[in-house]
Amino acid sequence: MSEQQRPAADVQDPGVRDNIVAARRRLEQALKRAGRGHDSALLLAVSKTKPVAMLREAFAAGQRHFGENYLQEALEKQQALADLEGIEWHFIGALQSNKTHDVACHFDWVHTVDRLKIARRLSDARPAERGPLNICLQVNISREEAKSGVDPQALAALAEQVIALPGLQLRGLMAIPAQEEDEERQRVPFAELRRLLASLAERHPEAPLDTLSMGMSGDLEAAVAEGATIVRLGTALFGARR
Ligand SMILES: *Cc1c(COP(=O)(O)O)cnc(C)c1O
């Protein structure tokens, strides 16, 4: 069906499909410039605060991976979208102990694990039939006082303990660096995260440490240049948030 034939009520925001197409192109360009394979990074659609109609629109455009920050909102969306087969949910918000049970039961990935207590609770609550929960450890790569994330110094010890947990599969690292405008400067913390992952992978050849979750709407190119395998785009797909 062409865009013109489509009934208007079908489309909450006709921009979402175009934005998805443009973002895929942007990601492919960045990968090409970095000399990487065209499908070597995953586009995660960060849909926090956005209505389910927009997620449906993104799904219809081929988007399968969605990132949510707020548990209650995410659970409501998952119910409303239960008919979308093959959709995958990533939890990317701040994670407190009282949320670990629901997160372990209702998500495929968690990007924001930064302490052992949370990791243990997720592992204990993960239903066996769903297989191990995919985990990224969030690293406070810019060493900011108020930011979440494990200190780079403490990462190796935490990773070792998380790898041992039966309900989890440690896949890699995630970071939200301090904001920079200039691409060269944006690359510095991403390069550090890449090196941290490489050193973990060297110590733990048994673990599938293949994931660098880094890069958002404002710094995707820098992240891809440093090896991002999951880029998390919100604004570029769904518009500004209030
Ligand atoms: C909101 C959010 C994003 C998306 O940020 P944009 O700048 O809107 O692309 C990515 N990652 C995390 C962890 C977020 O909370």
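Tutor: A salt bridge is a side-chain nitrogen of Lys or Arg within 4 Å of a carboxyl oxygen of Asp or Glu. The model above is predicted, and the values discussed here are computed from it.

Student: How many salt bridges does a search of the whole structure find?

Tutor: The search finds 13 salt bridges. One case joins E183 to R33, with 2.8 Å between the closest N and O atoms.

Student: Which parts of the chain does the pair E183 and R33 link?

Tutor: The two residues are 150 residues apart and connect distant parts of the chain. E183 belongs to helix α7, which spans residues 183-203, whereas R33 belongs to helix α1, which spans residues 15-33.

Student: Let us turn to the ligand. Where does the ligand sit?

Tutor: The ligand occupies the largest pocket. Around the ligand there are 13 residues, the closest being K48, N69, S217, R232 and T235. The shell comprises six nonpolar, four polar and three charged residues.

Student: How should polar contacts with the ligand be read, and which N or O atom of S217 is involved, backbone or side chain?

Tutor: A pair of N or O atoms counts as a polar contact within 3.5 Å. For S217, a side-chain N or O atom lies 2.5 Å from an oxygen atom of the ligand. R241 also presents a side-chain N or O atom, 2.9 Å from a ligand oxygen. In G234, by contrast, a backbone N or O atom is 2.9 Å from an oxygen atom of the ligand.

Student: How much of the accessible area of the ligand does the protein cover?

Tutor: On its own, the ligand has 390 Å² of accessible area, and the protein covers 88% of that area.

Key: Residues are numbered from 1 along each chain as its sequence is written. This is a predicted model: local features need pLDDT of at least 70, side-chain atom pairs count only at pLDDT 80 or more; totals for chains, interfaces and linings use all residues. Side-chain values use heavy atoms; hydrogens and water are left out. A residue is near a molecule or strand if one of its heavy atoms lies within 4 Å of it. A polar contact is a pair of N or O atoms within 3.5 Å; within protein, one must be able to donate a hydrogen and the other to accept it, and residues adjacent in sequence count only if both atoms are side-chain atoms. Accessible areas come from the Shrake-Rupley method with a 1.4 Å probe; for residues, only the protein chains shown count as cover. On a 1 Å grid over the protein atoms alone, a cavity is a set of points where a 1.4 Å probe fits but cannot get out, and a pocket is an open set with protein on both sides within 12 Å along at least five of seven lines; lining residues have an atom within 4 Å of a point. A molecule sits in a cavity or pocket if more than half of its atoms lie within 2 Å of its grid points. Ala, Val, Leu, Ile, Met, Phe, Trp, Tyr, Cys and Pro count as nonpolar, Asp, Glu, Lys and Arg as charged, and the others, Gly among them, as polar. Helices (H or I, at least four residues) and strands (E, at least two) are DSSP runs, numbered from the N terminus.
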